[in-house]
Amino acid sequence: MSPLTVRGSVAEVECDALVVGSGAGGSVAALELARAGRAVTVLEEGPRVSTDELAAASPAESMRRLYRNAGATAVFGTPTIAYGEARAVGGTTVVNGGLFWEPSRAVLDRWASWSGYGGYRSAVVGAHFGDIQRELGMIVQEHGDGNEDSRLLARAAESLGWRWQHPQRVVRGCEHRNQCATGCPSGAKQSMAVSYLPQAEALGADIVPGTRVERIAHRRGTVRGVEAVDGAGRRVRYRPRDVFVAAGPIGTPVLLRRSGIHSRTAGRHLALHLNLRTIARFPKAVDAVRGTMFTAQVQEHSALGMLVMPSNLTPGGLGAALAGRDPAQVDKLLAARAHLGMFTTQVRMQGGAGIAAVVGGAPVLRHGMTPADHHALRLAFRRTARLLFAAGAVELLPPTSGTGPLRTPADVDAYCDRVRPGDWELVSVHGMGSCPMALPERGGVCDEAGRPHGFTNLRLCDASVLPGAPGISPQGTIMSFAREIVGRYLESA
């Protein structure tokens with residue numbers, strides 16, 4: 001990029017391709033554009049953090065530095081849902097588990113039918129997924145050192161005749177350091193910060209951290225400029241030929257709204273995966289702190305949008321899960337930490353969520369969990385409890401802080417009969433579909449090329465364009481869609 005001039009306190013920068021956001025989608029755009037010989041500038045609101053810095057920082061320090069709002073963004077409703085996303089070079093790939101699942105043919109066909117666009121079915125998306133998994137070195141993560149909680153879960157699933165699988169991860173030489181969610185301290189996880197972005201830089205891409213994009217200036221469907229504030233508080237106006245927005249499922253629609261682009265539809269809907277967190281106590285030591293994220297995922301109920309897996313226990317994670325409970329109970333559990341396992345049940349939310357308003361530039365998120373969602377959560381917890389009792393658990397703490405330990409299936413039934421929608425303590429780390437790729441009359445924000453309807457040189461290429469929630473960790477889906485979007489751009493340019 002090359003500065004043009006300075007007018008007052010505003011620096012003006014001319015550039016070829018401007019990418020806003022550096023997560024799964026933005027990194028794909030940066031690398032594919034750089035490979036094609038384009039001059040690429042990547043703007044990222046968060047900091048750039050090296051592997052050495054991650055290794056030196058405590059998990060609490062990394063949470064504060066890497067997560068937006070320190071991981072405590074609220075989605076208001078009954079109950080309030082805690083939503084977590086990263087704000088760093090590499091985006092949420094820096095703090096996720098590196099899970100890499102291919103979207104099912106059924107999901108892609110359903111999206112194609114709803115959206116009115118047929119170009120993102122299994123043949124196309126699967127081909128991109130295959131290329132990306134080879135580039136990132138996807139492996140099937142077996143149990144390795146530790147991971148006794150995953151072993152217990154796998155054996156329990158087999159005893160019930162339930163289907164389970166080792167996770168597919170993009171990782172090279174995992175050291176089982178158990179810090180996936182606060183940044184891999186060994187650099188083994190192939191986040192975009194250690195894979196695609198350095199490759200893009202080697203091809204000439206310029207990555208600019210600490211820069212917040214505030215508005216896209218446009219006229220008659222053409223972007224004329226992108227206004228941002230850099231890390232020193234200086235205002236910068238970029239004048240790109242083409243813009244690729246990948247600011248995430250919340251950041252992208254908020255930016256569109258602030259820019260007067262599809263303000264009525266961008267962010268009106270947001271698809272979420274909900275996470276239930278259950279603590280189980282076992283008669284023998286589990287030492288769940290030893291291992292990596294998880295090495296077994298129970299997929300028996302995936303057709304219902306439910307997945308069960310360990311959430312490798314850390315002192316901070318355990319403390320968060322026990323917040324709000326009786327201090328005496330917390331002391332008892334902390335004393336028995338070696339015997340505890342923490343398990344996540346992921347449930348695909350059916351009710352609506354979305355951006356209710358943008359106040360002072362920040363989004364206000366709300367959801368409308370339905371009776372069907374409440375039923376699904378109760379069903380998911382029943383299935384999880386059955387699995388954990390089969391694994392040998394003698395006591396379960398459900399995801400409601402006002403409830404004591406459950407020790408028998410009868411206790412679980414009584415709990416599920418009395419739990420109310422507002423009682424659930426829910427977390428989400430997967431948001432999607434806030435600017436869906438669909439025909440305008442079907443609620444779509446962008447077309448099959450990722451362009452917001454009516455625009456020529458603006459494209460979206462992140463989780464926001466997915467037509468819904470895939471029911472799996474979405475990184476592979478996001479990257480595959482982004483690769484197709486950029487490929488169509490390069491073919492037409």
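**Exercise 1. Is Trp424 buried or exposed?**

Solution. Start with the ground rules. This is a predicted model, where local features need pLDDT of at least 70, side-chain atom pairs count only at pLDDT 80 or more, and totals for chains, interfaces and linings use all residues. Residues are numbered from 1 along each chain as its sequence is written, and side-chain values use heavy atoms, with hydrogens and water left out.

Step 1. Take the cut-offs: buried means under 20% relative accessible area, exposed means over 50%, and partly exposed lies in between (1.4 Å probe, protein chains only).

Step 2. Apply them. Trp424 has a relative accessible area of 2%, so Trp424 is buried.

**Exercise 2. Describe the ring pairs around Tyr415.**

Solution. Step 1. Set the rule. Rings of Phe, Tyr and Trp (its six-membered ring) pair if their centres lie within 6.5 Å; planes under 30 degrees apart are stacked, over 60 edge-to-face, and the rest tilted. The rule yields seven aromatic pairs.

Step 2. Look at Phe381 and Tyr415. Their centres are 5.2 Å apart and their planes meet at 65°, an edge-to-face pair.

Step 3. Place both residues. Helices (H or I, at least four residues) and strands (E, at least two) are DSSP runs, numbered from the N terminus. Phe381 sits in helix H11 (residues 371-390) and Tyr415 in helix H12 (residues 409-418), so the pair ties together parts 34 residues apart in sequence.

Step 4. Check exposure. Phe381 and Tyr415 are both buried. For Tyr415 the relative accessible area is 1%.

Step 5. Add Trp424. The ring centres of Tyr415 and Trp424 lie 6.2 Å apart with planes at 90°, so this pair is edge-to-face.

Step 6. Turn to another group of rings. Ring pairs join Trp111, Tyr120 and Phe481 into a cluster.

**Exercise 3. What lines the second largest pocket?**

Solution. Step 1. Define the spaces. On a 1 Å grid over the protein atoms alone, a cavity is a set of points where a 1.4 Å probe fits but cannot get out. A pocket is an open set with protein on both sides within 12 Å along at least five of seven lines. Lining residues have an atom within 4 Å of a point. Grid points are joined across faces, edges and corners, and a volume is the space filled by probe spheres set on the points.

Step 2. Take the volume. The second largest pocket has about 440 Å³.

Step 3. Find the centre. The lining has 23 residues, and closest to the pocket centre are His269, Ala271, Pro467, Gly468 and Ala469.

Step 4. Name the elements. Helix H4 (105-115), strand E13 (271-281) and strand E17 (352-359) each give two or more residues to this lining. H4 gives the largest share, three residues.

Step 5. Sort by class. Ala, Val, Leu, Ile, Met, Phe, Trp, Tyr, Cys and Pro count as nonpolar, Asp, Glu, Lys and Arg as charged, and the others, Gly among them, as polar. The pocket lining has eleven nonpolar, eight polar and four charged residues.

**Exercise 4. Follow Cys180 from disulfide search to cavity.**

Solution. Step 1. A disulfide is a pair of cysteine sulfur atoms within 2.5 Å. The whole structure has zero disulfides.

Step 2. For Cys180, the nearest cysteine sulfur is that of Cys174, 6.4 Å away. Cys180 is buried, at 11% relative accessibility.

Step 3. Search for enclosed space. There are four cavities of 30 Å³ or more. The largest cavity holds about 80 Å³.

Step 4. List its lining. Of 15 lining residues, Cys174, Arg177, Cys180, Cys184 and Thr292 lie nearest the centre of the largest cavity. That lining divides into six nonpolar, five polar and four charged residues.

**Exercise 5. Where are the backbone exceptions Asn178, His262 and Pro79?**

Solution. Step 1. Recall the norm. Most residues other than glycine have a negative phi, and most peptide bonds are trans.

Step 2. Asn178 has a positive phi of about 65°. Asn178 lies in the loop between strand E8 (168-170) and helix H7 (196-202). With a relative accessible area of 9%, Asn178 is buried.

Step 3. His262 has a positive phi of about 50°. His262 lies in the loop between H8 and E13. His262 is partly exposed, at 24%.

Step 4. Thr78 and Pro79 are joined by a cis peptide bond, with omega about 0°. Pro79 lies in the loop between strand E4 (73-76) and strand E5 (81-83).
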